[in-house]
Amino acid sequence: MKTRAKPVWRLVLSFIALRSCAAFYLPGLAPVSFCEEGTSGDECQSTIQLFVNRLDSVESVLPYEYDVFDFCQDAEEKRPSENLGQVLFGERIETSPYKENNSIKWASRWDYILVSMPHTNIQWFSIMNSLVIVLFLSGMVAMIMLRTLHKDIARYNQVDQEEAQEESGWKQVHGDVFRPPRKGMLLSVFLGQGTQIFIMTFTTLFLACLGFLSPANRGALMTCAVVLWVLLGTPAGYVSARLYKTFGGEKWKTNVLLTALLCPGIVFADFFLMNLILWVEGSSAAIPFGTLVAILALWFGISMPLTFIGAYFGFKKPSLEQPVRTNQIPRQIPEQSFFTKPIPGIIMGGILPFGCIFIQLFFILNSIWSHQMYYMFGFLFLVFIILLITCSEATILLCYFHLCAEDYHWWWRSFLTSGFTAVYLFIYAVHYFFSKLQIVGAASTILYFGYTMIMVLIFFLFTGTIGFFACFWFVNKIYSVVKVD
């Protein structure tokens, strides 16, 4: 009898536990139930409270508060609490005098926005176009890795090396390919910041795809990105310090200070100047002084100490081991053809990655400057992965061609090759300004290009870091499988 009672008690306890559980929804996705007026009950509301955020114009990028022109004002003037992202975007939420007793089934709450947005057919065309580019680059890389490199390695590893030594090729620069680059301090700082931006972007887009950053929760995307950037100071400091030590650097204090201050300082200075213009123009997008102090507190109080912690562990680690030794005397680089010279190669390297993102970039710019709601995070995350693959493969291809031409200066070139995609982004932003927008006035023009420069700098560090680490892996891989005397 005792053995039969245990399952019964377990079943009773299970029912009790189920009754005590509470359901939860993902942030931004919790539905609100409404019912007809006069219906009693605490689980539904009879009146839909409408809110307003700001006034925008196609001729200006300066947003203003909804009641700045003394019309459609609410007598109660209640202001809901705003998150950091809403403040940074100038979303000043206020109550509205409009009353609605009908605003709609939960599943249909975004229909009025989706109807006004472009159809997803263009998005699928963009994805297919990007996939064709990825397949082309993947085929080229596969051909090099499986055929050309396989034959080269087999020839170089022959017992009789006399003929191979007389030939030209990427093996001939094995004693110089890992020679530390010039201005290694600056390169390591850029790579540390690029790593921080890459992890921040990936995590933000991944959470957006899962529904944690719903468009219903305005400002959630920006808030998540800022918080993640602050908390990711540790990997930035670690990567920068470890690479700087590998380059033979010894000024570790300067390295960690530049990692924590250089690129964030440029962004903050630009942002502060733009905020002064917004404040002079009386725009609702002007950031309050208290918010600026809070941003500085996050930067100097959290991000910078985390960067120092990451740099400490990075310098404690040994330098990255190279598969071949470096000669004491640098090898003379032969005269290069036009296509293997640095500048033409860098310019060509950014074309294909930009071709994968320019359609998606159009929708992003529309959401920022043409006041359209952006909700296609699934497409954006897929384009992010395609951009990652394209930058890596394009940089590896050009790196291989340059090494075959016996040019061993690949450190900065790998970073700038994929980072040059940001230059095409800037050119497209200029084209978008003159062809799509109707902006007039000096203040709006300065604001547009000021914020665009922040976007370009972040994208430059992001794409450059992708290309560098892809090339770093490729060079280590091919020189680790050849026999070197």
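Tutor: Let's start with a word we'll need: buried means under 20% relative accessible area. Keep in mind that this is a predicted model.

Student: Okay. Which residues in the arginine 179 salt bridge are buried?

Tutor: Both partners: arginine 179 and aspartate 176 are buried.

Student: And what makes arginine 179 and aspartate 176 a salt bridge?

Tutor: The cut-off is a side-chain nitrogen within 4 Å of a carboxyl oxygen. Here the closest N and O atoms are 2.6 Å apart, so the pair qualifies.

Student: How many salt bridges does the structure hold?

Tutor: Three. Another one joins arginine 331 to glutamate 406, with the closest N and O atoms 3.1 Å apart. Arginine 331 sits in the loop between helix 10 and helix 11, and glutamate 406 in the loop between helix 13 and helix 14, so this pair ties together parts 75 residues apart in sequence.

Student: Why is glutamate 406 called buried?

Tutor: Its relative accessibility is 9%, and buried means under 20%, so glutamate 406 counts as buried.

Student: Then why is arginine 331 called partly exposed?

Tutor: Partly exposed covers what lies between buried, under 20%, and exposed, over 50%. Arginine 331 has 32%, so it counts as partly exposed.

Student: What makes lysine 183 exposed?

Tutor: Its relative accessible area is 64%, and exposed means over 50%, so lysine 183 earns the label. You'll find lysine 183 in the loop between helix 5 and helix 6.

Student: What is phi of lysine 183 near?

Tutor: Near 55°, a positive value in a residue other than glycine. For glutamate 406, phi is near 65°, also positive.

Note on methods: Residues numbered from 1 in each chain as written. Predicted model: local features only at pLDDT ≥ 70, side-chain atom pairs only at ≥ 80, totals over all residues. Heavy atoms only, no water. Helix = DSSP H or I, 4+ residues; strand = E, 2+ residues; numbered from the N terminus. Buried < 20%, exposed > 50% of the residue type's maximum accessible area, 1.4 Å probe, protein only.
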